[in-house]
Amino acid sequence: MDDAVSTLTRDPAVGGLTTGAVARLLGVAPTTLRSWDRRYGIGPASREGGRHRRWTAADIRLLECMCGLTNAGMPPAEAARAALAAASPGPLSGPDDHEDEGRAGRPASHAPGALPIGRARRECRGLARAAVRLDAHAMDELLAAAIERYGLLAAWESVIMPTLHAVGRKWETAEERYIEVEHLLSWHVSSALRRAASQRPPVAGSGVSLLACTPGESHTLALEALTAGLAQQGLPVRMFGAALPVEAMEEAVRRTGPAAVVLWAQSRSTASRALVARVESIEWGVRGARRRPVVLVAGPGWAGQLPPGARHPSGLAEALDALAAISRR
């Protein structure tokens, strides 16, 4: 049971949770919870000041039952009747038979179970549940809320990364049943990072950071997080994405004259010392004042085969600090 629910169970005087907190806990959009309350009577037993919803431990258990039934493919109205019947020995009364648009008559599906997130924060568990349900709206809301509440760096390290890792571990051990979950979650993470990156224009006078995956490398999310982090600091960045060919990379360096280049490799097979040497050797500028970029290698693929003297940030925070210092020289 979640820590918050345990606290409410041990000490009812603590009071209930807000709708936003319950949404993060269960991975359900707040608008969905309000809809269930209005349509089916799946709502808090008490309201603060007669208006504000406060969800108790019993209310949250009822919601968990409702979520489990809808995840298995049961239409919401039918799931509400079953959940309320399970919570009360008496006959069900109250909710109407209105179906959510597009859900009526849909056959039951074998939805995957919970992801192995363990003791990760409540927002992480909620995001995982939304991903398993393929609930795009809830994922967008939860990602935006986590970034706004904790900041990009903390949200990436404490919410987004653990969920992505959990999804990856799950499909690797479940005969690829979770590939659709990983793809949809990755898309919405990427969208959230792009929105975060667009919030501030670059400050003039700072050096450009060029970010690219090595040839053959398709994993881009970590570089997208780094792009968003630099953009939020007002630092100019050029993100070239997956599998940039060597010749294109060299041309991009010559054309942009970056202060720093970050080369991402997820696996050992895509990490290339020769590529690092080629990028480090590129020069631009007038004779007598020619410059070269500072090259950083990033990602687990470089472990055990770092080029001599290479800078290898251990995570997003270290990479942001290093690039900010280089850019502002």
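Helices are DSSP runs of at least four residues, numbered from the N terminus. The exercises below use this numbering and concern a predicted model.

**Exercise 1.** Describe helix 10 and the residue that follows it with a positive phi.

*Solution.* Step 1: locate the helix. Helix 10 covers residues 221–232, which gives 12 residues.
Step 2: compare its span with the expected one. From the first C-alpha to the last, helix 10 reaches 16 Å, close to the 16 Å expected at 1.5 Å a residue.
Step 3: consider how far it is covered. Helix 10 is mostly covered, with 10 of its 12 residues buried. Among them are L221, E224, T227 and G229.
Step 4: look past its end. Just after helix 10, G234 has a positive phi of about 75°.

**Exercise 2.** State which residues of helix 3 are buried, and what phi G41 takes.

*Solution.* Step 1: helix 3 consists of residues 30–40.
Step 2: its buried residues are P30, L33, S35, W36, D37 and Y40.
Step 3: G41, just after helix 3, takes a positive phi of about 80°.

**Exercise 3.** Identify the residues that touch the most other members of the largest nonpolar core, and list the contacts of W156.

*Solution.* Step 1: the largest nonpolar core has 47 residues.
Step 2: the members touching the most others are W156, L185, V189, L226, L230 and V262.
Step 3: set aside the neighbours of W156 within four places in sequence; W156 is then in contact with M161, P162, L164, V189, L193, L221, A222, A225 and L316.
Step 4: a second, separate core has 22 residues, including L25, L33, C67 and A77.

**Exercise 4.** Explain why C67 forms no disulfide.

*Solution.* Step 1: recall the bond. A disulfide is a covalent bond between the sulfur atoms of two cysteines.
Step 2: apply the cut-off. The two sulfur atoms must lie within 2.5 Å.
Step 3: find the closest partner. The closest cysteine sulfur to that of C67 is in C65, at 9.4 Å, and this is too far for a bond.
Step 4: state the total. The count of disulfides comes to zero.
Step 5: add the surroundings. C67 is buried, with a relative accessible area of 7%; C124 is also buried, at 0%.

**Exercise 5.** Summarise the protein chain as a whole in terms of its secondary structure, burial, contacts and exposed surface.

*Solution.* Step 1: the secondary structure comprises 13 helices and six strands.
Step 2: of the 329 residues, 46% are buried.
Step 3: among contacts with a separation of 6 or more, 69% join residues 24 or more positions apart.
Step 4: the chain exposes about 16,300 Å², of which carbon and sulfur atoms supply 52%.

Terms used:
Residues numbered from 1 in each chain as written. Predicted model: local features only at pLDDT ≥ 70, side-chain atom pairs only at ≥ 80, totals over all residues. Heavy atoms only, no water. Helix = DSSP H or I, 4+ residues; strand = E, 2+ residues; numbered from the N terminus. Buried < 20%, exposed > 50% of the residue type's maximum accessible area, 1.4 Å probe, protein only. Contact = heavy atoms within 4.5 Å. Areas by Shrake-Rupley, 256 points an atom, 1.4 Å probe, with all protein chains shown as cover. Core = buried A, V, L, I, M, F, W, Y, C linked by side-chain atoms within 4.5 Å. Expected span 1.5 Å × (residues − 1).
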